[in-house]
Amino acid sequence: MTPPGRRRATIHDVAAEAGVSRGTVSRLLNGTSYVSSEAREAIEKAIAKVGYVQNTAARNLVTRRSRAVGFVVHEPHELFLDDPNIGAILLGANEVVSEADFQLVVLVLDSERDSQRVADYLRGGFVDGAVLVSARQHDTIAGAVERLGLPAVFIGHPPGHPAIPYVGIDNRSAARSVTQELLGTGRQRVAMVACALDRDSGSDRLAGFRDALGEQFDPRLVVDHPLYSYASGLEGARELLRREPAIDGIFAASDAVAAGVLEALREAGRSVPGDVGVVGFDDSAWAVRCVPALSTVRQPARLMGRRAAEIVLGQIEGVEVEPGGALLDTEVVWRASA
């Protein structure tokens, strides 16, 4: 901030101090054309001496760039704050965006009104691109982004938007692997608390669970909830125990869900892993905070955020993106809960 009584330095002051034209200073600041190394050095010294601070809003009008990327999360506000997986994705994206001297703008959608508001914001040119997290089938924001032609990338792979690239994991294969390991411990009546079936991650994890069980699959031993949350695991496990008291294994669709499952089992007097083996998904902070620590699937959330941001920044700079996306590796991490 300029101290009271002191005139704010202008681009004319920089030009006069550097001994170059105002146009040369403008070209350097806006990156619109080549400036010689000698002129660049003189201008940078002049900026430091006169204390010039660039008017970002004015620069954006010239370049038609906001130098901002939206991080759009379709989740209830409390879940956004409580989900370490989303936090890791955000941190990874922010690392890349910051390295490129862009700003990450977080936009959380918790209602249809939020969706309309954020769609209007995106149309306003306040961001140059967007990372879309937790998109659903027939997602309003994904549709708006597609119509705008805004550079964008999904975390995950929701159907119906082939023009938008994605970064994700093979949820079906990973869910199949962790369920098979649970079955390998000798469990006979294995159930699932499925979540978010309106998203590719949720539906694919349920599909992987079914794959692992094959002919043993019993639809009565699956309950589903809309959110990957502790409350979903607590309520889901209570319902499963009412339906089938002889359950001896539970696959929870996320680590947060698994934490709720563990609490429901404690309430019912069931030991873990003695009476019931429990596995989760994500290998988030929930996994090591639980008692016992969770067997789970490790997915590279922070790396997904980084890759997604790299793809969006590439699109902003005019890099042509091939249709489709990238699937990153996962691994089963075995701990004491199963």
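**Note on the predicted model: sheets, helix packing and backbone details**

1. In strand β11, Leu-328 is the bridge partner of Ile-169. This bridge belongs to the parallel pairing of β5 (residues 166-169) with β11, which extends over four bridges. The model is a predicted one, and the points below should be read as a description of that prediction.

2. The pairing of β5 with β11 is part of an open sheet of six strands, in the order β2-β1-β3-β4-β5-β11, in which the pairing is parallel. The edges are occupied by β2 (103-109) and β11 (325-328), each of which has a single partner strand, so that one side of each is left without a neighbour in the sheet. From one strand to the next, the twist averages 20°.

3. Two helices that pack on this sheet deserve mention. Helix α7 (residues 112-123) touches β1 (68-74) and β2, and its direction makes about 155° with that of β2. Helix α14 (residues 301-316) touches β1, β3 (129-133), β4 (152-155), β5 and β11, and its direction makes about 165° with that of β4.

4. The largest nonpolar core contains 76 residues, and those with the most contacts inside it are Val-69, Phe-71, Val-131, Phe-209 and Val-278. Helix α12 (residues 255-267) gives the largest share of this core, with eight residues. Once neighbours within four places in sequence are left aside, the contacts of Val-69 include Val-97, Phe-102, Leu-104, Val-105, Val-131, Val-312, Leu-313 and Ile-316. Another core, of 21 residues, lies apart from the largest one, and among its members are Ala-130, Ala-135, Ala-152 and Tyr-166.

5. Helix α7 also packs against helix α8 (residues 140-148), at an angle of about 20° and with the axes 9 Å apart; α7 is therefore roughly parallel to α8. The crossing of these two helices, α7 and α8, is right-handed. On the α7 side the residues that meet α8 are Glu-112, Ser-115, Gln-116, Val-118, Ala-119, Leu-122 and Arg-123, and their counterparts in α8 are Thr-140, Ile-141, Ala-144, Val-145 and Leu-148.

6. A second helix pair, formed by α9 (residues 171-183) and α10, packs at an angle of about 40°, with the axes 7 Å apart. The helices α9 and α10 are therefore oblique to each other, and their crossing is right-handed. Among the residues that meet across this pair are Asn-171, Ala-175, Thr-179 and Leu-183 in α9, and Ser-201, Asp-204, Gly-208, Phe-209 and Ala-212 in α10.

7. Strand β8 (residues 249-252) is covered on both faces, since Gly-249 and Phe-251 on one side and Ile-250 and Ala-252 on the other are all buried. Strand β6 (residues 190-195) pairs with β8 in the parallel sense over four bridges, and in β8 the bridge partner of Met-192 is Phe-251. Strand β9 (residues 277-279) also pairs with β8 in the parallel sense, over three bridges, and here the bridge partner of Phe-251 is Val-279.

8. Arg-199 merits inspection in the loop between β6 and α10 (200-213). Arg-199 is buried, with a relative accessible area of 3%. With neighbours within four places in sequence left aside, Arg-199 is in contact with Glu-75, Ser-134, Ala-135, Arg-136, Pro-226, Leu-227 and Tyr-228. The C-alpha atoms of Arg-199 and Gln-137 are separated by 6.3 Å, although these residues are 62 residues apart along the chain.

9. Ser-134, one of the contacts of Arg-199, has a positive phi of about 65° although it is not a glycine. Ser-134 lies in the loop between β3 and α8 and is buried, with a relative accessible area of 11%. Asp-283 likewise is a residue other than glycine with a positive phi, in this case near 55°; Asp-283 is placed in the loop between β9 and α13, and is buried, with a relative accessible area of 18%.

10. Two cis peptide bonds should be noted. One joins Val-272 and Pro-273, with omega about 10°, and Pro-273 is found in the loop between α12 and β9. The other joins Val-291 and Pro-292, with omega about -5°, and Pro-292 is found in the loop between α13 (285-289) and β10 (296-298).

Definitions and conventions
Residues numbered from 1 in each chain as written. Predicted model: local features only at pLDDT ≥ 70, side-chain atom pairs only at ≥ 80, totals over all residues. Heavy atoms only, no water. Pairing = 2+ DSSP bridges. Axes fitted to C-alpha atoms, helices over the stretch in contact; angles between N-to-C directions. Contact = heavy atoms within 4.5 Å. Core = buried A, V, L, I, M, F, W, Y, C linked by side-chain atoms within 4.5 Å. Buried < 20%, exposed > 50% of the residue type's maximum accessible area, 1.4 Å probe, protein only. Parallel < 35°, antiparallel > 145°, perpendicular 65-115°, else oblique. Left-handed = near helix turned anticlockwise from the far one by under 90°.
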